[in-house]
Amino acid sequence: MATLTDLKKHDARRHQRMLLADVDLQIGGQGSPSETGLYFAKIGLGDPSKDYYVQVDTGSDILWVNCAGCTKCPTKSDLGVPLTLYDPKSSTSSKLITCDQDFCTSTYEGQLPGCKPDLLCQYNVVYGDGSSTAGYFVQDSLKLDQVTGNFQTGSLNGNVVFGCGAKQSGELGSSSEALDGILGFGQANSSMLSQLSSAGKVKKMFAHCLDNNQGGGIFAIGEVVSPKINTTPMIPDMPHYNVVLKDIEVGGDVIDIPSSIFDTILSGKQKGAVIDSGTTLAYLPEAAYKPLMSKILSYQPNLKLHTVEEQFSCFVYNTDNIDEGFPNVKFNFRGSLSLVVYPHDYLFAIRDDTWCIGWQNSELQSKDGKDMILLGDLVLSNKLVVYDVENQVIGWTEYNCSSSIKLKDGKSGTVYTVGAHNLSSASSPFNFEAGKTKGSLPKLHLNPYSWSKVSNIIYLDSPAGVGLSYSQNPKAYDTGDLQTAKDTHAFLLKWFELYPEFVNNPFYISGESYAGVYVPTLASAVVQGIKSGAKPTINLKDVEAECKGKYYGDPSEKCYKSFERVGTALDGLNVYDILEPCYHEVDDGNKKNKTNSLLPHTFQQLGKNNSRPLAVRKRMFGRAWPFRAPVKGSGAPLALWPELMRSNPNHVPCVNDEVATVWLNDASVRKSLHAQPEKLAGAWEICTERITYIEDAGSMIPYHINLTSQGYRALIYSGDHDMCVPFTGSQAWTKSLGYKGAGHTVPEYKPREALDFFSRWLDGKLI
């Protein structure tokens with residue numbers, strides 16, 4: 001018989017074998033009902049490992065994916081992610097789970113009726129919206145990203161049992177936002193989290209910060225040590241994450257709700273409110289829903305409600321700030337923990353002047369859930385939510401979900417920083433994922449909102465010397481607006497000569513930022529070529545650009561001083577997007593860090609040291625217009641690229657091109673792109689110093705008048721939170737396009753809306 005000493009030694013040896021790793025789960029999606037209405041993660045399954053995109057759901061338990069031979073499984077998704085059917089036969093590490101195995105008997109609390117040793121362990125899950133999935137359980141290798149350093153990960157492998165979906169119904173089989181499956185983060189022993197925890201791989205703790213502004217966010221497994229949050233206890237012995245709700249305030253007033261709503265007793269257990277990231281909206285029992293809605297609508301008694309899609313109460317309301325016209329809603333929980341839901345959270349725009357209400361009546365959804373208080377992404381987005389299952393508490397705090405959090409390594413105790421991810425953004429076909437270690441080769445992922453989904457796109461580095469383009473004639477690096485248009489037109493004629501199968505396709509010219517000059521000048525050159533009989537004939541249809549304003553001539557001394565006062569007030573802000581903090585470089589000793597006394601000290605410190613981390617945007621983007629870089633007039637050198645060079649002491653610190661620089665300067669990548677090696681073409685830089693550019697086209701107004709008078713359509717759009725080049729000249733136009741909160745490059749900040757208005761414009765539909 002083992003002694004207590006032997007048992008302690010056994011436990012010590014087991015604890016040494018335990019990894020207790022932190023996991024960084026990359027996520028994408030957007031929680032607003034007018035967007036994707038869900039968040040999803042990328043995981044690896046099988047050997048060899050294949051990537052699967054699964055919805056993250058704290059309201060369910062099992063992980064399941066669609067399997068080969070599945071009935072009514074989706075084959076494509078409007079989210080843009082590739083869908084992959086899991087095939088147990090193609091994985092060398094897969095094992096089928098039979099009904100007599102421990103996993104099956106423990107999941108169903110006993111052996112299934114009629115079980116025989118060769119019968120598979122079946123599963124069937126019905127979700128609250130009536131959709132369902134059915135199939136059988138398999139065991140296979142799971143691959144996740146283990147946190148190994150600040151913003152760094154390695155591979156974590158483990159074996160888990162999950163569902164192999166054989167039949168789907170409802171939204172799971174037909175949804176335009178289809179995914180490979182669902183990843184349940186519930187408390188049951190069958191969940192992935194519980195299985196990994198039992199195997200000593202991870203702690204039974206996780207957190208998410210779902211970004212309802214930019215999309216994606218943070219999802220991590222491990223102990224969060226920063227920021228510190230307050231918590232409320234979970235109600236024990238409940239299948240979901242239930243907490244005790246005490247009351248609800250609207251505009252600071254506690255609304256009159258029967259106490260039985262908060263003290264509901266089901267089977268002798270207190271029900272409380274369910275915290276569920278897999279639910280898009282928020283559901284309240286009718287006795288709470290009606291007084292809540294009445295109180296909210298009392299702030300705007302003249303609103304006329306109408307129903308959209310047979311479930312949403314909507315109204316017309318013209319405003320640039322919805323928060324000014326409606327009250328905050330506050331949920332108060334046990335332990336003095338509160339959750340504030342702002343009008344911009346519970347109201348969502350389906351058109352520029354039409355808003356819908358996200359609160360839903362539980363009684364109208366399902367009979368089983370008519371008394372349920374279910375809090376989904378509507379109230380959880382833009383908050384860091386921590387689930388400490390080991391200590392049976394949940395907590396949250398308002399947070400910038402595009403920033404970062406700190407996790408404590410379960411074995412070494414080292415604290416690491418985990419940043420945000422977004423598996424969807426920008427207009428290019430791909431998104432970047434940073435390499436596992438600093439300087440390592442990044443990965444590419446399909447962009448679900450790429451404009452290449454609805455058109456064939458030529459991505460051109462122009463003028464010569466920009467990006468991966470180069471010239472064997474150094475004089476070609478002395479160029480300007482008109483020469484660039486001429487060179488690009490020559491390139492297009494040669495391209496259509498090489499690929500004549502595209503010559504009859506409708507041809508559009510598009511660009512952003514300084515392309516407000518490139519696009520109309522090139523379009524003018526193409527039109528002149530068509531008239532002069534240049535062959536092949538380009539089938540030019542329309543032009544599309546993100547228009548950026550300019551001012552001409554040297555300002556007067558009075559004007560200059562006024563402009564300087566504005567500059568002083570704005571110094572330190574991220575002028576490319578005033579909604580985001582600025583990426584601050586580490587002081588290299590060669591320049592002085594400017595501080596602006598008008599900005600809060602805490603804002604100035606963002607990203608400057610480890611105590612106040614700030615996630616760095618890892619995407620490749622074109623923020624290429626410097627603040628305070630006026631165009632001096634026709635024929636003057638364009639003060640564009642030098643303002644952004646690292647060698648320039650005044651360059652803008654809000655640009656980070658680390659990931660793109662590593663990827664585009666990798667020899668194997670350049671070879672795959674058929675680009676010349678670095679020794680010949682030079683290194684890729686987001687902005688180059690090797691060209692001298694002359695602004696010689698003058699105002700773009702005559703170009704637009706000339707083109708539109710000949711019947712060519714133009715779509716001009718701007719970022720409404722871009723102070724780099726303010727959008728005041730196109731404010732009314734931009735407002736009509738139906739997006740808000742975009743920075744300098746609209747498709748980066750509002751990818752779904754940008755793809756939508758681009759697609760509609762191509763089709764000749766109203767935007």
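The buried residues of helix α5 are covered by a set of elements that includes the strands β16 (245-250), β21 (282-284), β24 (329-333), β27 (354-357) and β28 (359-361), together with the helix α6 (343-346). The residues of α5 that are buried in this way are Ala288, Tyr289, Leu292, Met293 and Ile296. Because these residues cover an arc of only 120° around the axis, they lie on the same side of α5. The model described here is a predicted one, and the points below begin with this helix before turning to the chain and to some single residues.

**Helix α5 and the nonpolar cores**

- Helix α5 runs over residues 286-297, and at 1.5 Å a residue its twelve residues should span 16 Å, which agrees with the 16 Å that separates its end C-alpha atoms.
- The largest nonpolar core has 78 residues, and those with the most contacts inside it are Ile43, Val329, Phe331 and Trp359; the largest share of this core, five residues, comes from α5.
- Ile43, one of the residues with the most contacts inside that core, is in contact with Leu25, Lys50, Asp51, Tyr52, Val54, Leu63, Leu142, Lys143, Leu144 and Leu183, once its neighbours within four places in sequence are left aside.
- A second core of 22 residues is separate from this one, and Leu38, Leu79, Tyr449 and Leu755 are among its members.

**Helix α9**

- For helix α9 (residues 515-531), 17 residues at 1.5 Å a residue should give a span of 24 Å, and the end C-alpha atoms are indeed 24 Å apart, which agrees.
- This helix, α9, is mostly covered, since 13 of its 17 residues are buried.
- Just after α9 comes Gly533, which takes a positive phi of about 85°.

**Two serines in different settings**

- Ser338 lies in strand β25 (residues 337-341), and because its relative accessibility is 28%, it counts as partly exposed.
- Leaving aside neighbours within four places in sequence, Ser338 is in contact with Lys330, Phe331, Asn332 and Trp396.
- Although Ser338 and Leu245 are 93 residues apart along the chain, their C-alpha atoms are separated by 9.4 Å.
- Ser60 is found in the loop between β4 (50-57) and β5 (63-71), and because its relative accessible area is 10%, which is under 20%, Ser60 is buried.
- Not counting residues up to four places away in sequence, Ser60 touches Tyr127, Ile182, Gly184, Phe185 and Gly186.

**The chain as a whole**

- The protein chain contains 18 helices and 41 strands, and of its 767 residues, 51% count as buried.
- Among contacts between residues at least 6 apart in sequence, 69% join residues that are at least 24 apart.
- The accessible surface of the chain comes to about 35300 Å², and 52% of this belongs to carbon and sulfur atoms.

**Confidence in the prediction**

- The mean pLDDT of the protein chain is 80, and 77% of its residues reach 70 or more.
- Confidence is lowest in helix α1 (residues 4-17), with a mean of 41, and highest in strand β30 (residues 383-388), where it is 97.
- Over residues 1-18 the pLDDT stays under 50, and the model has five contacts beyond four places in sequence for this stretch.
- Over residues 584-652 the pLDDT is also below 50, and this stretch has 171 contacts in the model beyond near neighbours in sequence.

How values were computed
Residues are numbered from 1 along each chain as its sequence is written. This is a predicted model: local features need pLDDT of at least 70, side-chain atom pairs count only at pLDDT 80 or more; totals for chains, interfaces and linings use all residues. Side-chain values use heavy atoms; hydrogens and water are left out. Helices (H or I, at least four residues) and strands (E, at least two) are DSSP runs, numbered from the N terminus. The expected span of a helix is 1.5 Å times one less than its number of residues. Buried means under 20% relative accessible area, exposed over 50%, partly exposed in between (1.4 Å probe, protein chains only). The arc is that of the directions from the helix axis to the C-beta atoms. Contact means heavy atoms within 4.5 Å. pLDDT is the predictor's confidence in each residue, from 0 to 100. A nonpolar core is a set of buried Ala, Val, Leu, Ile, Met, Phe, Trp, Tyr and Cys residues joined through side-chain atoms within 4.5 Å. Accessible areas come from the Shrake-Rupley method with a 1.4 Å probe; for residues, only the protein chains shown count as cover.
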